[in-house]
Amino acid sequence: MIWQVIWFILWAVLWAVYFTLDGFDLGLGSLLPVLAKNENEKRIIYNAMGPFWDGNEVWLITAGGATFAAFPKTYAIMFSCLYTPLLLILFALILRGVAFEFRSKHDSDGWRKIWDYCLVFGSFLPALLFGVAFANIFQGIPFDANGMYHGNTLKLLNPYGLVGGILFVLLFMMHGSLWLWAKSEGDLAQRAKEIADKLWNAVLVFAVIFLIYSYVATKLWDNYFKHPLLFVIPLIAVIALIMVKVYLVKGENWKGWFASSLTILFTTFWSIAGLFPNLFPSSIDPNASLTIYNSSSSELTLKIMTVVAVIFVPLVLFYQFWAYKTFSHTVTEKDLESDEAY
């Protein structure tokens with residue numbers, strides 16, 4: 001049983017790191033028309049996230065792969081029930097990746113506008129649908145003991161699912177604005193700071209609504225009342241969110257972004273700790289719910305996966321640390337003169 005618990009924790013870490021790292025470029029891409037007032041500012045935004053976005057998505061692939069290998073039954077039924085939203089997320093992410101690569105390939109305002117729209121659409125839609133999907137998982141998906149789905153895509157857009165989706169979008173937009181504040185200078189940096197400040201208020205409102213709504217619509221809080229020590233997790237998320245505001249007032253951009261990262265990390269941990277031991281609960285038949293115990297691979301498989309993870313995860317972390325350190329400088333108009341600039 002210990003191996004299932006280990007892989008549940010690793011599964012949580014993979015999703016938390018993915019939302020933290022890809023969250024800022026999804027949010028920044030969504031805000032492109034709001035933040036950028038001219039072509040140079042658009043290019044600065046592209047170059048502020050250009051060296052990182054594809055590396056960030058490695059964590060999404062890893063999280064999906066870990067679900068497939070460690071909990072194959074959950075993977076099969078989850079992807080069957082959420083087929084349409086997950087496919088839309090995939091198409092949107094592909095469109096976004098193409099926008100990065102194609103935008104600068106042809107010198108035409110019309111051409112660049114098309115790919116700007118693709119970037120905004122490909123950033124906003126995954127942020128919204130990830131929130132909708134996870135909120136629905138928290139309250140339970142209507143599937144039976146045979147794994148048969150008894151809902152449809154429109155039913156996923158229920159009030160709780162939409163609140164979750166909006167919270168994800170707002171969190172990622174705030175995270176992205178803070179990133180741009182740290183990575184740019186002048187009017188663009190000041191505009192990013194002001195938008196992050198406004199978004200902070202919206203995040204606070206929707207976070208409070210979501211936490212209260214979760215008490216009514218889900219069983220996420222049950223584990224916390226059984227084990228009060230777990231309240232440390234949401235407490236850290238709340239403190240980190242407050243510190244974002246503190247650093248905005250003080251004008252300390254990187255500290256604000258790291259506080260925002262902690263907010264997303266511990267918000268994700270809060271929700272997944274509330275799910276335990278469920279991975280994919282059923283809303284119509286609790287006995288059909290998929291847990292880490294009834295949907296996991298064999299113990300031997302989990303042991304082999306652990307060895308692989310111990311070897312390769314540090315390599316991924318080292319590469320990402322190197323990439324973030326190498327491209328940690330502020331992006332200026334001088335950087336746009338490079339042949340390698342977006």
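**Exercise 1. The second largest cavity**

Which residues line the second largest cavity?

*Solution.* The model is predicted, so the following conventions apply: local features need pLDDT of at least 70, side-chain atom pairs count only at pLDDT 80 or more, and totals for chains, interfaces and linings use all residues. Residues are numbered from 1 along each chain as its sequence is written, and side-chain values use heavy atoms, with hydrogens and water left out.

Step 1. Fix the terms. On a 1 Å grid over the protein atoms alone, a cavity is a set of points where a 1.4 Å probe fits but cannot get out, whereas a pocket is an open set with protein on both sides within 12 Å along at least five of seven lines; lining residues have an atom within 4 Å of a point. Grid points are joined across faces, edges and corners, and a volume is the space filled by probe spheres set on the points.

Step 2. List the lining. The residues are Pro51, Phe52, Gly55, Tyr319, Gln320, Ala323 and Tyr324. They surround about 30 Å³ of space.

Step 3. Assign the lining to elements, where helices (H or I, at least four residues) and strands (E, at least two) are DSSP runs numbered from the N terminus. Helix α15 (residues 299–326) gives the most, with 4 residues.

Step 4. Classify the residues, counting Ala, Val, Leu, Ile, Met, Phe, Trp, Tyr, Cys and Pro as nonpolar, Asp, Glu, Lys and Arg as charged, and the others, Gly among them, as polar. This lining has 5 nonpolar, 2 polar and no charged residues.

**Exercise 2. The largest cavity**

Determine the volume of the largest cavity and the origin of its lining.

*Solution.* Step 1. The structure holds 2 cavities of 30 Å³ or more, and the largest has a volume of about 150 Å³.

Step 2. Its lining comprises 14 residues, of which Phe19, Phe168, Thr267, Thr268 and Ser271 lie nearest the centre. Two or more residues come from each of α8 (109–139), α10 (159–183) and α14 (253–275). The largest share, 6 residues, belongs to α14.

Step 3. By class, 11 of the lining residues are nonpolar and 3 polar, with no charged residues.

**Exercise 3. Packing of α1 against α10**

At what angle do α1 and α10 pack?

*Solution.* Step 1. Axes are lines fitted to C-alpha atoms, for helices over the stretch in contact, and angles run from 0 to 180 degrees between N-to-C directions. Helix α1 (residues 2–30) and α10 pack at about 85°, with their axes 6 Å apart.

Step 2. This angle makes α1 roughly perpendicular to α10; angles under 35 degrees count as roughly parallel, over 145 as roughly antiparallel, 65 to 115 as roughly perpendicular and the rest as oblique.

Step 3. The contact (heavy atoms within 4.5 Å) includes Phe19 and Phe24 of α1 and Phe168 and Trp179 of α10. Its residues divide into 9 nonpolar, 6 polar and no charged. Phe19 and Phe168 are also among the residues nearest the centre of the largest cavity.

**Exercise 4. Two left-handed crossings**

Describe the packing of α13 with α14 and of α7 with α8.

*Solution.* Step 1. Helix α13 (residues 232–250) and α14 pack at about 160°, with axes 8 Å apart; the two are therefore roughly antiparallel.

Step 2. Their crossing is left-handed, that is, the near helix is turned anticlockwise from the far one by less than a right angle (right-handed if clockwise). Among the contact residues are Ile236 and Tyr247 of α13 and Thr267 and Trp270 of α14. The contact has 15 nonpolar, 4 polar and 1 charged residues.

Step 3. The axes of α7 (83–102) and α8 come within 8 Å and cross at roughly 145°, and this crossing too is left-handed. The contact includes Leu88 and Arg96 of α7 and Trp115 and Leu129 of α8. By class, it has 19 nonpolar, 2 polar and 1 charged residues.

**Exercise 5. The two pockets**

Compare the class composition of the linings of the largest and second largest pockets.

*Solution.* Step 1. The largest pocket has a volume of about 560 Å³. Among its 23 lining residues, Leu60, Phe79, Leu86, Ile89 and Leu90 lie nearest the centre, and α7 gives the most, with 7 residues. The lining divides into 19 nonpolar, 3 polar and 1 charged.

Step 2. The second largest pocket holds about 390 Å³ of space. It is lined by 22 residues, with Phe138, Lys219, Asn278, Pro281 and Ser289 nearest its centre. Its lining has 9 nonpolar, 9 polar and 4 charged residues.
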